[in-house]
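Let's take a stroll through a protein model together. Have the sequence and the 3D view ready, and we'll go from a sheet to a pocket.

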Amino acid sequence: MLFILELLVFLYFLYVVSYTATFSFLGLLYKSPLLEKSNRLLRFCVIIPSYKEDDIILDTAKKALIQSYSKSLFNVVVIADSLKPDTVEQLERLPIKVIKVAFDNSTKVKSLNRAMALLSAGYNFAVILDADNVMAFDFLEKMNDVLGNFSYQVVQGQRMPKNQDTTLAFLDGVSEAINNHIYRQGTVVAGLSSSISGSGVVCDFQLIKSTLNTMDSIGGFDRELELRLLLEGIKVYYFKDAVVYDEKVSQAPVFQNQRRRWISSQYFYLNKYFKRGMAALLRGNFVFFNSAILRNIQLPRLLNIGLLTILVAGLFFVKSYLSIPYQWWLILFVVNVIAILVAIPPAYYNARLLQSLVALPVIFLRMFSLLFKLRGANKKFIHTPHGLPIEEGHPTKVS
């Protein structure tokens, strides 16, 4: 019995480390395409769902208008869900479109579907932002070039941290950078689909309108959107040069609520699409199998790192009793550390990274405790509050 348990645990971490290392090293081969200026000028609809984001949505809407792309070729649409009347009034003074919605139980998909039903069909592409996002000044211009030069229908831009004011926010930014490297750069190089971040994604307007109409997601809107698109045979491309700045979580309670929602939705959609994922594998559709099962069946990365570290440290004292040689466990640990380090952008290698690592054990314990608090997390929308408007100019970048 102990041998079977040891073997199962070893096989799980062998899979996790192999997956992480493969796409981490492939991510090094990613290169953004050298683009010519596109002669095709696309019309964009920048859609910003906003649920109770009175503190930040006005600032976000104003900054969404500041683009190098021609103002005649894009519109900003704010979906006002449960905003204060004064906030809505101030939004309506801006040169944007405000769509007021109200639901008994609000979700991002409900807001987007209501907005899509009211918007005209005069757009080529829709840009989905969160209420805290700020597009880089050339975001739409770069997206126009990549979409005009290639036949992509869905492109995920790079999300970068807007703030690094706390250790938690800094580490959240590092985590997003690792995700970009492994689950976007690495998978695109391998010919698979990039994961969707939930914002900063650009999609053919009619395509996302029809796809959203088939969805009723409560949490994990981005996970289901990617899977629905793949069922239609449409892969997501990742374009690193088009940047959206995203507010990182700064407070522990908000972090725990956000991660609880993410973990719950991960396993909800693993269960929902498991049979279709296995069927896709049997048909030779590895792209869907990867997104539906291989990526979602893993525990969150920090838990994998922490559990493997604890396991390797503990097994050292009983290595003479192991059925699987201790050196194999040690190799897994070393390869995993190298793969993670490879995925961290060079700009993050500074004294602050070393200082922030001290906080990882506490964050690991918080994440681990969430595994026992997932019940009901995907039955009701869990809102992540924001509130960090940025000063004029560029958001905070990693230095």
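## Starting at a strand pair

Which residue in β8 stands opposite V134? Look for Y245: that is the residue across from V134. Keep in mind as you look that this is a predicted model.

The strands behind this match are β5 and β8, and β8 covers residues 237-246. They pair in the antiparallel sense, with two bridges between them.

## The whole sheet

Now zoom out. The sheet is an open one with eight strands, and its pairing is mixed. Going across, the order reads β3-β2-β1-β4-β7-β6-β8-β5. Why do β3 (97-101) and β5 (134-135) each have one side without a neighbour in the sheet? They stand at the edges with a single partner strand each, so one side of each is left free of a neighbour there.

A helix joins the picture too: α3, residues 85-92, packs on the sheet and touches both β2 (74-81) and β3. The direction of α3 makes about 155° with that of β3.

## The second largest pocket

Next stop: the second largest pocket, which holds about 390 Å³ of space. Its lining has 24 residues, and the ones nearest its centre are Q158, Q185, K240, P345 and P346.

Where does the lining come from? β6 (154-161), α6 (167-189), β8 and α12 (326-343) are the elements giving two or more residues. The largest share is from α6, with six residues. Sorted by character, the lining has 14 nonpolar residues, seven polar ones and three charged ones.

Technical notes:
Residues numbered from 1 in each chain as written. Predicted model: local features only at pLDDT ≥ 70, side-chain atom pairs only at ≥ 80, totals over all residues. Heavy atoms only, no water. Pairing = 2+ DSSP bridges. Helix = DSSP H or I, 4+ residues; strand = E, 2+ residues; numbered from the N terminus. Contact = heavy atoms within 4.5 Å. Axes fitted to C-alpha atoms, helices over the stretch in contact; angles between N-to-C directions. 1 Å grid on protein atoms, 1.4 Å probe; cavity = no way out; pocket = protein on both sides within 12 Å on 5 of 7 lines; lining within 4 Å. Points joined across faces, edges and corners; volume = space filled by probe spheres on them. Nonpolar A, V, L, I, M, F, W, Y, C, P; charged D, E, K, R; others polar.
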